[in-house]
Amino acid sequence: MDISVVIPLYNEAESLPELFAWIERVMKEHNFSYEVIFINDGSTDNSWEVIEALKSKNPEVVHAVKFRRNYGKSPGLNCGFQRAKGDVVITMDADLQDSPDEIPELRRMILEEGYDLVSGWKKKRRDPVGKRWPSKFFNWTARRVSGIKLHDFNCGLKAYRRKVVKSIEVYGEMHRFIPILAKQAGFRRIGEKVVEHHARKYGCSKFGLERTVKGYLDLITVL
């Protein structure tokens, strides 16, 4: 299989049909064999019903896991990584702010340029100031302590060689530090790509101060 797309989500029912149709279009245009793995992280809306409907129409492509409660993004990614079969594994958020149109170039950078991991960089962010500035400071701190020259550690849009995701374990809020975990596991070819960042179309952000605090505590744990 060429590509596995892993999508953790929490209360994103409105965006899921549009997101899947977008991914499907990109994959067909480039003749990729692929799977989409939805991880429903204890959603309280009808996200699971939407996923089931997508799966019933696309049983060979859509796979899904349902958590009984909200565990967080890191356990969701870890669960998806365990199931991924693609040579290249793509992660993205479910809110339509990440563009599936970036997938072919991310895959090319892995396979042709030899990267183990390519992280998206939302150079022009469509988020409120209250979310952008804490993120800037956090990324500056992560760069200084890790030595990895990435502008956006927390970008949900990333590409990996399959052996990378099979070699790391992600928990807590450590999805922010997957590049650091990968480096510690011996995968040092880490790059980044400027990616388009769209304004949120449906629902509201799940970002809060608690997540920032947890992120710093997990950075200490990783180090």
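In this predicted model, N31 is placed in the loop between α1 and β2 (34-40), where helices (H or I, at least four residues) and strands (E, at least two) are DSSP runs numbered from the N terminus. Although N31 is not a glycine, its phi is positive, at about 55 degrees, and with a relative accessibility of 70% the residue counts as exposed (over 50% relative accessible area, with buried under 20% and partly exposed in between; 1.4 Å probe, protein chains only). Most residues other than glycine have a negative phi. A positive phi, near 55 degrees, is also found for N11, which lies in the loop between β1 (3-9) and α1 (16-29); N11 counts as partly exposed because its relative accessibility is 22%.

A search of the whole structure yields one cavity of 30 Å³ or more, a cavity being a set of points on a 1 Å grid over the protein atoms alone where a 1.4 Å probe fits but cannot get out. The largest cavity holds about 70 Å³ of space, the volume being that filled by probe spheres set on the points, which are joined across faces, edges and corners. Its lining (residues with an atom within 4 Å of a point) comprises K73, L77, T91, F153, N154, C155, G156, K158, Y160, H175 and I178, and at least two of the lining residues come from each of α3 (73-83) and β6 (158-161). By class, the lining of the largest cavity divides into five nonpolar, four polar and two charged residues, where Ala, Val, Leu, Ile, Met, Phe, Trp, Tyr, Cys and Pro count as nonpolar, Asp, Glu, Lys and Arg as charged, and the others, Gly among them, as polar.

Residues are numbered from 1 along each chain as its sequence is written, and side-chain values use heavy atoms, with hydrogens and water left out. Local features need pLDDT of at least 70 and side-chain atom pairs count only at pLDDT 80 or more, whereas totals for chains, interfaces and linings use all residues.

Terms used:
On a 1 Å grid over the protein atoms alone, a cavity is a set of points where a 1.4 Å probe fits but cannot get out, and a pocket is an open set with protein on both sides within 12 Å along at least five of seven lines; lining residues have an atom within 4 Å of a point.
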